[in-house]
Amino acid sequence: MGKDMKNRFGINMINLLRIHGINQSRLANDLDINKGRISQYINGKTEPSSNDLQKIAQYFNKSPESLLNDDFSKLTGETKDPKDLFRK
């Protein structure tokens with residue numbers, strides 16, 4: 001998985017968390033995935049394991065391919081990169 005795909009996945013995760021009104025801690029707890037690993041996925045630091053990708057896809061009722069390739073910003077109405085919210 002290239003850097004662009006890791007970034008797309010992270011941005012999609014942020015948008016899905018926002019759409020569903022949940023935070024990283026709840027997602028990590030619900031899926032039994034380490035919160036630090038969720039954070040790394042969101043920040044594009046590491047790519048998700050196939051197992052984690054499948055869990056996340058099922059949780060949000062999306063295909064793994066759509067999590068990696070689609071642009072979910074259209075679902076939130078946001079035009080800016082949601083990661084900008086976390087940058088100082």
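The largest nonpolar core of this predicted model has 20 residues. Phe9, Met13, Leu27, Ile38, Ile56, Phe60 and Leu67 have the most contacts inside this core. Helices H1 (3–20), H2, H3, H4 and H5 each supply at least two of its residues. H1 gives the most, with five.

**A core residue up close: Ile56**
- Which residues does Ile56 touch, leaving aside its neighbours within four places in sequence?
- Ile56 is in contact with Phe9, Met13, Leu31, Ile33, Ile38, Tyr41 and Leu67.
- Among these partners, Phe9, Met13, Ile38 and Leu67 are also listed with the most contacts inside the core.

**Helix H2**
- H2 covers residues 24–31.
- Leu27, Ala28 and Leu31 are buried in this helix.
- Seen down the axis of H2, the buried residues fall within an arc of 100 degrees, so they line one face of the helix.
- A general rule helps here: an α-helix has 3.6 residues a turn, so residues three or four places apart point the same way.
- Asn23 caps the N-terminal end of H2.
- In this cap, a side-chain oxygen of Asn23 lies 3.2 Å from the backbone nitrogen of Ser25.

**Helix H4**
- H4 covers residues 50–59.
- Its buried residues are Asp52, Leu53, Ile56 and Ala57.
- These residues cover an arc of only 135 degrees around the axis, which puts them on the same side of H4.
- Which residues are exposed on the other side of H4?
- Ser50 and Gln58 are exposed there.

**After the helices: two positive phi angles**
- Asp32 comes just after H2 and takes a positive phi of about 55 degrees.
- Asp32 sits in the loop between H2 and helix H3 (35–42).
- Is Asp32 buried or exposed?
- Asp32 is exposed, with a relative accessible area of 67%.
- Asn61 follows H4, and its phi is positive, near 55 degrees.
- Asn61 is found in the loop between H4 and helix H5 (64–69).
- Asn61 is exposed, with a relative accessible area of 71%.
- Asp32 has its positive phi as a residue other than glycine, and Asn61 does too.

**Putting it together**
- Leu27 is a buried residue of H2 and is listed with the most contacts inside the core.
- Ile56 is a buried residue of H4 and is on that list as well.
- Leu31 is buried in H2, and Ile56 is in contact with Leu31.

Technical notes:
Residues are numbered from 1 along each chain as its sequence is written. This is a predicted model: local features need pLDDT of at least 70, side-chain atom pairs count only at pLDDT 80 or more; totals for chains, interfaces and linings use all residues. Side-chain values use heavy atoms; hydrogens and water are left out. Buried means under 20% relative accessible area, exposed over 50%, partly exposed in between (1.4 Å probe, protein chains only). Helices (H or I, at least four residues) and strands (E, at least two) are DSSP runs, numbered from the N terminus. The arc is that of the directions from the helix axis to the C-beta atoms. A polar contact is a pair of N or O atoms within 3.5 Å; within protein, one must be able to donate a hydrogen and the other to accept it, and residues adjacent in sequence count only if both atoms are side-chain atoms. A nonpolar core is a set of buried Ala, Val, Leu, Ile, Met, Phe, Trp, Tyr and Cys residues joined through side-chain atoms within 4.5 Å. Contact means heavy atoms within 4.5 Å.
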